[in-house]
Amino acid sequence: MSESETTARYRPETRLVHGGTLRSQFGETSEGLFLTQGYVYDTAEQCEARFKGQDPGFIYSRYSNPTISMFERRMIELEGAEAARSTATGMAAVTTAILAPLKTGDHVVASKALFGSCLYVVQDLLPRYGIETTLVDGLDLDQWQRALRPNTKTFFLESPTNPTLDVLDIAAIARIAHSGGARLIVDNVFATPIWQSPLSLGADVVVYSATKHIDGQGRCLGGIILSSEAFIAEHLHNFMRQTGPSLSPFNAWVLLKGLETLGIRVRAQTESAAKIADALAKHPKVTRLVYPGRADHPQAETVKRQMGAGSTLVGFEVKGGKAGAFRCLNALKIARISNNLGDAKSLVTHPATTTHQRLAPEARAELGISEGFIRFSAGLEHADDLIEDLAQALEKV
Ligand SMILES: Cc1ncc(COP(=O)(O)O)c(C=O)c1O
């Protein structure tokens, strides 16, 4: 296999198409799909050297694989990270990045506004192993500061948050974490690598559900953790080899093809989301509208500082609570009801009864997830069709 030159000197669009390509002796144009569990060796001596780390190459696809390597390299070059490890799902990435470096007696601080499964990991899973956790209002820097303890090892947040699209100040939170010797892990799913680079803002680790925008076409699950070489060597390398949350080579190949179009998809979807937000902001049936690209977003200043543009998602609340939201969802003809996001097809979610139904009603209210709140993930359809579809659906509210 011949490795392509690094694409790090090129702009993100070029890195998304060429980053990390490994070409076999056949000189294929598209990335090769290596559906193989293992590898063979010319001699027993070579096999021994490979296991000792003295001979470069692959050993077993739970550890690594040429197609998976290409995906990891392309993400490394896009994100400006030193190293990466991919995983079977976004939740495998979140769980591994948080859990692998910790031990009993450590302490984790996380923002309350988390995707439901991430909240489960922090709130329910970690304490079972004697890891203490504190949940804070992620927008309140004093709460992060006050939560720091001598045994705090990790800060964890997502921004923009799911589903209310609050934007947390990553640079300021990273400074607080580092002042106490802790690391900051950022779930960058909602922002996408196109609009936000947490590592350049001071975060230590970035995680993605590649299931979302990176595939972006509803096909397969995947995840990735990006960080320094040292974090991976010290905390992830052995943990992942032995516990095996590995990405399948087939999914890595699909995700590689997804990366080729990530930039143009995210740009087009963001443009549509912005137009939808402007249309909804004026609508009499809409009682609240949140869109990180608008001047009326509560953290508009932070958005300007840390994000390249708004988001492919829009949050809005309709009149009539749950009944109103359900009428709107049921009347939509183009956007489909789903708990997924970041897809080429527009998807619409009622968080209170799906992604966040596990939360107590008071906890949902505290996060701003009211019964009438809807999350709209803009797809690649024409923005005017989506706006007209929403307008006819809102008439039913
Ligand atoms: C913010 C966020 N993080 C993590 C995940 C988990 O990703 P996956 O479904 O690929 O496990 C999701 C969505 O499911 C998400 O929205």
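## A tour from the ligand to a cavity and a buried aspartate

Start at Ser-209, where a polar side-chain atom lies 2.8 Å from an oxygen atom of the ligand. This is a predicted model, in which local features need pLDDT of at least 70 and side-chain atom pairs count only at pLDDT 80 or more, while totals for chains, interfaces and linings use all residues. Residues are numbered from 1 along each chain as its sequence is written, and side-chain values use heavy atoms, with hydrogens and water left out.

Keep the ligand in view and select Thr-211, whose side chain has an N or O atom 2.6 Å from a ligand oxygen atom; then add Lys-212, where an N or O atom of the side chain is 2.8 Å from an oxygen atom of the ligand. Widening the selection gives 13 residues that surround the ligand, with Met-91, Asp-187, Ser-209, Thr-211 and Lys-212 as the closest; a residue counts here if one of its heavy atoms lies within 4 Å of the ligand.

Next, display the cavity lining by selecting Val-189, Thr-192, Pro-193, Tyr-208, Ser-209, Lys-212, His-213 and Ile-214. Helix H8 (192-195), strand S8 (205-209) and helix H9 (211-215) each give two or more residues to this lining, and H9 gives the most, with three residues. Helices (H or I, at least four residues) and strands (E, at least two) are DSSP runs numbered from the N terminus. The volume of this largest cavity is about 40 Å³. A cavity is a set of points on a 1 Å grid over the protein atoms alone where a 1.4 Å probe fits but cannot get out, and lining residues have an atom within 4 Å of a point.

Within the lining, centre on His-213, which is placed in helix H9. Why does His-213 count as buried? His-213 is buried because its relative accessibility is 2%, the limit being under 20% relative accessible area with a 1.4 Å probe and protein chains only. Its side chain makes a polar contact of 2.7 Å with that of Thr-312, a polar contact being a pair of N or O atoms within 3.5 Å in which, within protein, one must be able to donate a hydrogen and the other to accept it, and residues adjacent in sequence count only if both atoms are side-chain atoms.

Finally, move to Asp-106, in the loop between helix H4 (90-99) and strand S4 (107-111). Asp-106 is buried at a relative accessible area of 3%, and its side chain is joined to that of Lys-153 by a polar contact of 3.1 Å.

Notes. Buried < 20%, exposed > 50% of the residue type's maximum accessible area, 1.4 Å probe, protein only. 1 Å grid on protein atoms, 1.4 Å probe; cavity = no way out; pocket = protein on both sides within 12 Å on 5 of 7 lines; lining within 4 Å. Points joined across faces, edges and corners; volume = space filled by probe spheres on them.
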